[in-house]
Amino acid sequence: MVTRGFVGKKREQGPRDPTERVPPGQHPVNDFPVLTAGPTPRVATEDWVFTLKIGPRPVKKWTWREFNALPMTGVVRDIHCVTTWSKLDTHWEGVMVDEILADAGIEPPTGFMLAHSFDGYSTNVPVADSVGGKAMVALKFGGQPLGTDHGGPARLLVPHLYFWKSTKWVNGLQFTERDEAGFWELRGYHIYGDPRLEQRYTGD
Ligand SMILES: Nc1nc2c(c(=O)[nH]1)N[C@H]1C(S)=C(S)[C@@H](COP(=O)(O)O)O[C@H]1N2
Ligand SMILES: [Mo]
């Protein structure tokens, strides 16, 4: 596993006051709540396929084995659910979106992406919030394979936005011309979802 700057960088900053790092209207929790809109899909790794698309056109597909051969990165991040819980210092390992694009040999062709899931859920994330080490497809949590309830075998992790953006059971990324609303964004949640700005609902 290749661990890039993030873990070390955080340590260099030293311990921060937890009250300062929790965004407005959030409170830290020690457990890890499960929030799922519908039934939990059980995806065997033998059946797992991840597809990168530009609009309707598939650009590249990876099997579980191929995806696990991509460069892995470890990060320690705080996560923030719109239902007001935050979980500090969560450990994840996975493949940065940058590495997925590099393996496909493409530069982002549009400014927006949709992340799709095996359960039909989706979420929109601007490309600027997906590249540059900001987002990954996470395969491990706390050093263990990601549990099914938390999105295993693989989930998107976009920790600087509300946690609904972090699509569980992710099965692909799709570049879109426009910022197309995903599952919760269509149902009254904010199109962008910055926890620091409390962008919880449409228009916040
Ligand atoms: N595919 C899928 N991804 C999803 C959801 C979902 O219902 N389906 N819920 C979202 C919401 S609202 C949150 S807060 C987080 C919860 O992740 P957790 O269950 O691992 O805490 O997943 C997000 N990703
Ligand atoms: Mo959520």
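Q: How do the residues of the lining of the second largest pocket divide into nonpolar, polar and charged?
A: In this predicted model, the second largest pocket encloses about 360 Å³ of space. It has 23 lining residues, and those closest to its centre are L35, T36, Y121, W164 and W184. Sorted by class, the residues of this lining divide into 14 nonpolar, 6 polar and 3 charged.

Q: Which pocket does ligand 1 sit in?
A: A molecule is said to sit in a pocket if more than half of its atoms lie within 2 Å of the grid points of that pocket. By this rule, the place where ligand 1 sits is the second largest pocket.

Q: How many residues surround ligand 1, and how do they divide by class?
A: The residues closest to ligand 1 are P33, A37, H150, R155 and K168, and the surrounding residues number 21. When the residues of this shell are sorted, they divide into 12 nonpolar, 5 polar and 4 charged.

Q: Which residue has a side chain with an N or O atom 2.6 Å from an oxygen atom of ligand 1?
A: A polar contact is a pair of N or O atoms within 3.5 Å, and ligand 1 has contacts of this kind with both backbone and side-chain atoms of the protein. On the backbone side, an oxygen atom of the ligand lies 2.6 Å from a polar atom of P33, and an oxygen atom of the ligand lies 2.9 Å from a polar backbone atom of L35. The side chain that offers an N or O atom at 2.6 Å from a ligand oxygen belongs to H150.

Q: What percentage of the area that ligand 1 exposes when taken alone does the protein bury?
A: Taken alone, without the protein around it, ligand 1 exposes 530 Å². The share of this area that the protein buries is 97%.

Q: Which elements give two or more residues to the lining of the largest cavity?
A: A search of the whole structure finds 1 cavity of 30 Å³ or more, and the volume of the largest cavity is about 50 Å³. Its lining includes M113, L114, A115, T123, N124 and V125, and by class this lining has 9 nonpolar, 3 polar and no charged residues. The elements that give two or more residues to it are strand 6 (112-117) and strand 7 (122-126).

Q: Which residues does a cis peptide bond join?
A: Most peptide bonds are trans. Here, however, there is a cis bond with an omega of about 15°, and P153, which takes part in it, is placed in the loop between strand 9 (144-145) and strand 10 (155-157). The residues joined by this bond are G152 and P153.

Conventions. Residues numbered from 1 in each chain as written. Chains lettered and ligands numbered in written order. Predicted model: local features only at pLDDT ≥ 70, side-chain atom pairs only at ≥ 80, totals over all residues. Heavy atoms only, no water. Near = heavy atom within 4 Å. Polar contact = N/O pair within 3.5 Å; in protein donor to acceptor, adjacent residues only side chain to side chain. Areas by Shrake-Rupley, 256 points an atom, 1.4 Å probe, with all protein chains shown as cover. 1 Å grid on protein atoms, 1.4 Å probe; cavity = no way out; pocket = protein on both sides within 12 Å on 5 of 7 lines; lining within 4 Å. Nonpolar A, V, L, I, M, F, W, Y, C, P; charged D, E, K, R; others polar. Points joined across faces, edges and corners; volume = space filled by probe spheres on them. Helix = DSSP H or I, 4+ residues; strand = E, 2+ residues; numbered from the N terminus.
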